[in-house]
Amino acid sequence: MKYRVLVSDPLAEEGIEILKEFADVDVNTGLTEDQLVASIGNYDALLVRSGTEVTARVIDAGERLKFIGRAGAGVDNIDTEAATRRGIIVANAPEGNTLAATEHTMAMMLSLARNIPQATASLKKGEWKRSKFMGVELNDKVLGIMGFGRIGREVAKRAQALEMKIIAYDPFITQERAASLGVEMVPLDELFRRADVITVHTPLIKETRHVINAKTIATMKDGVRLINCARGGIIDEAALADAITSGKVAGAALDVFESEPPTDSPVIGLDKVIITPHLGASTVEAQQNVAISVANQCISVLSGGAAKYVVNAPMIPAEQQALVEPYAVLAQKMGSLLIQLTDGRLESIKVTYGGEAAALPNTKFITRIILKGMLDPILQAPVNIVNAEFVAKERGIRLSETTTEEAHGFRNIISITAKTDKMTESVSGSVSAPDHARIVSIGGYMTDLTPTGHVVISRHTDKPGVIGKAATILGRVNVNIAGMQVGRHKPGEEALMVLTVDSAVPAEAMDEIKKIDGIHTVKHAEI
Ligand SMILES: NC(=O)C1=CN([C@@H]2O[C@H](COP(=O)(O)OP(=O)(O)OC[C@H]3O[C@@H](n4cnc5c(N)ncnc54)[C@H](O)[C@@H]3O)[C@@H](O)[C@H]2O)C=CC1
Ligand SMILES: O=C(O)C(=O)COP(=O)(O)O
């Protein structure tokens, strides 16, 4: 069956064309939440821009939904938590419109300084008012950039060409990084105090909502100019309207609003406020970039692969993928083997990364793959790297992850211990070459097992005859033994036997093996 994709905001044709090669695509813009809820159940993927509110209701109704793509940067219109809960990958296209938003910010700053929109409107009315539209120079003025990410940094570079002095605030960017760009990082209160023009380039999150408010505006320079081409709500519009009316703020340029379209905003009618209808990303080039990016990510996810810009799962940067991949493959197999060796209700899972594995760039990603390997076979709902941790937590399974230099004689080792209400079981594995990984111990017994195919694993008393009897039973039901390993701590005590077999073992044969005198436990697993 062909996949079905719904595009619910205007998306550049270049992206739609790519999608059509792979899936049935419906472009249906302007849907209400109810209409979206009613139709989303028919689709495997949903692609949006900022115009669609992808609420928990929409996500929960999307029974087939596997991917939500945002053709742009901000994902505040998508309930990513609800998507995570359902194991739906959310990805965006954060790089495609950076320059478009940057250039829009520059256009807004220059327009604000020289009253270009107001002067245009006046002249079009037949007026010729030159003194009314006296402007200010940006040269030598202090530009305060709040949020020094992709757009903030590009704005800084261009403002330097205007010979502005740049100060910036971003809690996640180091002084050194900013200094290399000739920018001074300052605390936020200092930025507010010193800047002649303030432009915001952060996401809208708890910490940034109304960060520009009556109180913070009072600390700013008289005649400050404010720009918001990031997200409505970072500036408190009511406070801005008051500050413009009182003359404290000389002007503001807004591309985004607390509510869009901004029908009730107190700032819209003010002469000193220039506005555009969320046009930051609206260039031909940016729209092509973001549409192509989400289309490709959508196809990749629906084909069982990964998305480049996942926002709700740990990401492995492309340059580290070759390093992490062999561990990820081993991890999933170890998780799958371990769950097949345990009985009872899972209570806790402990993962230890030893030796070189401890230095892997994203062990959290591998831990989620282990969880997927363990939980996917035993749960109704699909478990993937997006929701694995959430699913474990929801079921009260305690998860711990530790790293250690100790690798027990291997270069790297991953050990997983699972505790259920009935037993504790563990497996360890090691990657010896990119295409060669092994299970190196089970339940504390040394093994050397290539993790593919069928295995029969028993714990038994180390005494003559036990292994022979098991082998005879397998032979009788025509199951060929490809390899055998026995591990024990001391002669005559408990031993572990691992038989690799060429096909599945019938349940009756397993029952028979279980009854052999000396066998304590026996399990059949497929990895
Ligand atoms: N108007 C439009 O059409 C467009 C708007 N945007 C919006 O612009 C904003 C910035 O986008 P990008 O630069 O691509 O994102 P980015 O993720 O590259 O940069 C955001 C920066 O904000 C910083 N930040 C986070 N919390 C902060 C806080 N409390 N105080 C100061 N800085 C904080 C982060 O460390 C990061 O460096 C986003 O809100 C995005 O949605 C992006 C493209 C087009
Ligand atoms: O990418 C972003 O964050 C934007 O705000 C652009 O929004 P749009 O795709 O033009 O609706």
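**Exercise 1.** Which polar side-chain atom lies 2.5 Å from an oxygen atom of ligand 2? Place this contact in its surroundings.

*Solution.* The coordinates belong to a predicted model.

Step 1. The atom belongs to the side chain of Ser50, at 2.5 Å from an oxygen atom of ligand 2. Polar contacts are pairs of N or O atoms within 3.5 Å, so the Ser50 pair at 2.5 Å qualifies.

Step 2. Two arginine side chains also take part. An N or O atom in the side chain of Arg49 is 2.8 Å from an oxygen atom of ligand 2, and a side-chain N or O atom of Arg70 is 2.8 Å from an oxygen atom of this ligand.

Step 3. Ligand 2 on its own has 320 Å² of accessible area, of which the protein covers 90%.

Step 4. The surrounding residues include Arg49, Ser50 and Arg70, together with Ala71, Gly72, Ala73, Gly74, Asn97, Arg231, His278 and Ala281. By class, this shell has three nonpolar, five polar and three charged residues.

**Exercise 2.** Describe the environment of ligand 1, beginning with its shell and ending with its coverage.

*Solution.* Step 1. Ligand 1 has 27 residues around it, and those that come nearest are Arg150, Ile151, Asp170, Thr202 and Asp255.

Step 2. The shell divides into 13 nonpolar, nine polar and five charged residues.

Step 3. The polar contacts involve both backbone and side-chain atoms. A polar backbone atom of Arg150 is 2.9 Å from an oxygen atom of ligand 1, while a backbone N or O atom of Gly74 lies 3.4 Å from an oxygen atom of the ligand. For Asp255, an N or O atom of the side chain is 2.9 Å from a nitrogen atom of ligand 1.

Step 4. The protein covers 87% of the 860 Å² of accessible area that ligand 1 has on its own.

**Exercise 3.** Determine the strand order of the seven-stranded sheet, and locate helix α11 relative to the sheet.

*Solution.* Step 1. The seven strands run in the order β8-β7-β6-β9-β10-β11-β12, forming an open sheet with parallel pairing.

Step 2. At the edges are β8 (184-185) and β12 (273-275), each of which pairs on one side only.

Step 3. Strands β10 (residues 224-228) and β11 (residues 249-254) are joined by five bridges in the parallel sense. In one pairing, Ile227 has Ala253 of β11 as its bridge partner.

Step 4. Helix α11 (residues 237-245) packs on the sheet and touches β10, β11 and β12. The direction of α11 makes about 140° with that of β11.

How values were computed
Residues numbered from 1 in each chain as written. Chains lettered and ligands numbered in written order. Predicted model: local features only at pLDDT ≥ 70, side-chain atom pairs only at ≥ 80, totals over all residues. Heavy atoms only, no water. Near = heavy atom within 4 Å. Polar contact = N/O pair within 3.5 Å; in protein donor to acceptor, adjacent residues only side chain to side chain. Areas by Shrake-Rupley, 256 points an atom, 1.4 Å probe, with all protein chains shown as cover. Nonpolar A, V, L, I, M, F, W, Y, C, P; charged D, E, K, R; others polar. Pairing = 2+ DSSP bridges. Helix = DSSP H or I, 4+ residues; strand = E, 2+ residues; numbered from the N terminus. Contact = heavy atoms within 4.5 Å. Axes fitted to C-alpha atoms, helices over the stretch in contact; angles between N-to-C directions.
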